[in-house]
Amino acid sequence: MKAFGNGFVVTPWEVEGEVDYEKLLAYFGVDRITDEMLGRVERLVGDVHPFLRRQIFYAHRDFNVALDEYSSGGRFFLYTGIAPSKGPMHFGHLVPFLFTRWLQKAFNVNLYIMVPDEEKYLAKKVDSLRAVDERVADVERIISALGFDPDRTFLFRDREYIAHLYDAAVVVARRINYSVARAVFGFRGDTSIGLVFYPALQIVPTLFERSRSVIPCAIDQDPYWRIQRDIAEKIGYKKASTILSKFMPGLDGPSGKMSASKPDSTIFVTDDPETVRRKIMNAYTSGQPTVAEQREKGGNPDTCSVYKWHSLFTPDDEELVDIFSDCRAGNLLCGDCKLRLLKRVQGVLDEIRENQKNAERNLKMIKYEGELATRMWDWKFEYD
Ligand code: SF4
């Protein structure tokens with residue numbers, strides 16, 4: 001486990017404390033997404049997703065190179081994933097998928113979704129494989145309700161698709177020395193040997209096509225892609241490009257990472273409307289203790305978890321600016337602000353519930369029957 005700065009910790013398996021995102025840029029050696037890059041995205045696809053405009057996705061590796069290639073008629077493909085763990089999928093898990101959905105639509109590209117149904121077990125975050133399997137079905141059902149292109153998306157579970165992954169994983173694993181893996185991931189004496197091998201598997205989907213992979217994910221996943229970029233060209237493939245996000249905070253404060261282990265600070269996709277309402281109405285705010293004081297002094301949106309959630313789920317920029325300035329001026333009361341957020345969050349959940357009517361069909365398409373899925377069940381890694 002690695003610690004950075006004033007007691008915060010970020011690895012692919014641990015995020016603790018108040019994360020300093022500036023320090024992470026320097027520590028991981030990744031670049032900030034600039035206004036110039038956002039301008040390029042807008043010129044290419046006519047739009048910029050709010051998560052990019054608002055620097056939720058704030059850093060990258062070679063995304064500019066992927067844009068260069070796309071501008072000159074080349075293609076890239078998208079790769080993302082989710083490792084099922086304890087508890088159902090929550091809004092922190094949804095953020096990269098909602099952004100990936102936009103990227104797929106905007107650039108009209110293939111998408112590979114890995115469901116590593118061994119990772120959390122090997123990391124000793126869940127007690128049994130059976131518990132993981134119970135979660136996998138939920139995860140797949142929700143992903144299939146997010147509206148990915150059924151012919152351009154392939155979703156696979158590692159343990160089901162392993163015969164196709166294994167040749168490539170062996171070729172990748174041979175090129176990763178243990179000393180490098182230990183330094184990059186912080187493996188310790190009590191790390192399972194399965195987890196030491198696991199990074200080779202997570203790298204394999206970057207080799208599904210000869211074009212460049214673009215990986216939207218949270219910044220804690222960066223160690224995998226650093227290793228991929230060290231070895232990809234040596235085996236005839238392109239270095240992965242990444243778009244890296246900050247963590248979605250819980251409803252109990254503006255910093256840190258939403259976690260299923262604190263269920264009241266988290267909205268699960270499976271929460272019923274009354275539970276969602278209770279959690280949002282109990283969220284931490286930076287408002288004043290009384291209505292009179294709020295009107296007189298205003299609140300502080302910069303340190304308010306409700307405002308952080310608005311910046312994710314209130315898509316209209318002007319409305320977001322109004323929330324900020326009305327809060328500061330004391331024109332907005334926390335109760336009303338939370339009700340506005342509730343409407344946004346319910347909107348996201350309603351869309352998923354509505355789409356779940358077709359989830360079974362969609363899931364079949366993206367796992368087995370769509371164009372890309374059909375092709376991938378014949379895929380074999382090419383190696384010398
Ligand atoms: Fe937070 Fe909204 Fe209250 Fe301002 S009005 S402190 S943004 S909940």
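This section describes the ligand site, the aromatic contacts and selected residues of a predicted model.

The ligand sits in the largest cavity. Its surroundings comprise Thr285, Ser286, Gly287, Gln294, Cys304, Val306, Tyr307, Cys327, Leu332, Cys334 and Cys337. Seven of the shell residues are nonpolar and four are polar. None is charged. Two helices each supply at least two residues of this shell: H14 (305-313) and H16 (334-355).

Helix H16 also holds Ile352. This residue has a relative accessible area of 3% and is therefore buried. Ile352 and Asn108 are 244 residues apart along the chain, and their C-alpha atoms are separated by 22 Å.

Aromatic contacts were searched over the whole structure, giving 33 pairs. A pair of aromatic rings is described by the distance of the centres and the angle of the planes. The rings of Phe91 and Trp309 have centres 5.8 Å apart and planes at 25°, so this pair is stacked. The angle falls under the 30 degrees that bounds stacking. Phe91 belongs to helix H5 (residues 91-107), and Trp309 belongs to helix H14. The contact thus joins distant parts of the chain, 218 residues apart. Both Phe91 and Trp309 are buried.

A second pair has another geometry. The ring centres of Tyr198 and Tyr224 lie 6.1 Å apart, with the planes at 85°, so the pair is edge-to-face. Here the angle is over the limit of 60 degrees. Tyr198 is in helix H10 (residues 193-203) and Tyr224 is in helix H11 (residues 222-231), so the contact ties together parts 26 residues apart in sequence. Tyr198 is buried, as is Tyr224.

Ring pairs also build a cluster. Its members are Phe77, Tyr112, Phe154, Phe156, Tyr161, Phe208, Tyr237, Tyr368, Trp377, Trp379 and Phe381.

Lys246 lies over the faces of two tyrosine rings. For Tyr21, the distance from the ring centre is 5.8 Å. For Tyr58, the distance is 5.2 Å.

Helix H11, which carries Tyr224, is mostly covered. Eight of its ten residues are buried. These are Asp222, Pro223, Tyr224, Trp225, Ile227, Gln228, Arg229 and Ile231. The buried set includes Asp222 and Arg229 as well as Ile227 and Ile231.

The loop between H11 and strand S10 (241-245) contains Lys238. With a relative accessible area of 32%, Lys238 is partly exposed. Its C-alpha atom is separated by 16 Å from that of Gln202, a residue 36 positions away along the chain.

Strand S10 itself contains Ser241. At 0% relative accessibility, Ser241 counts as buried. Ser241 and His60 are 181 residues apart in sequence, yet 7.2 Å apart in space, C-alpha to C-alpha.

Two loop residues show backbone phi angles of positive sign without being glycine. One is Gln55, with phi of about 60°. Gln55 is placed in the loop between helix H3 (50-53) and strand S5 (57-61). At 33% relative accessibility, Gln55 counts as partly exposed. The other is Lys124, whose phi is near 65°. Lys124 lies in the loop between helix H6 (119-122) and helix H7 (129-144). Its relative accessibility is 55%, so Lys124 counts as exposed. The cut-off for exposed is over 50%.

Val321 is a helical residue on the accessible side of that cut-off. It belongs to helix H15 (residues 317-329). Val321 has a relative accessible area of 52% and is therefore exposed. The C-alpha atoms of Val321 and Pro96 are separated by 24 Å, with their positions 225 residues apart along the chain.

Notes: Residues numbered from 1 in each chain as written. Predicted model: local features only at pLDDT ≥ 70, side-chain atom pairs only at ≥ 80, totals over all residues. Heavy atoms only, no water. Near = heavy atom within 4 Å. 1 Å grid on protein atoms, 1.4 Å probe; cavity = no way out; pocket = protein on both sides within 12 Å on 5 of 7 lines; lining within 4 Å. Sits in = over half its atoms within 2 Å of the grid points. Helix = DSSP H or I, 4+ residues; strand = E, 2+ residues; numbered from the N terminus. Nonpolar A, V, L, I, M, F, W, Y, C, P; charged D, E, K, R; others polar. Phe/Tyr/Trp six-rings, centres within 6.5 Å; stacked < 30°, edge-to-face > 60°. Buried < 20%, exposed > 50% of the residue type's maximum accessible area, 1.4 Å probe, protein only. Lys NZ or Arg CZ within 6 Å of the ring centre and 35° of its normal.
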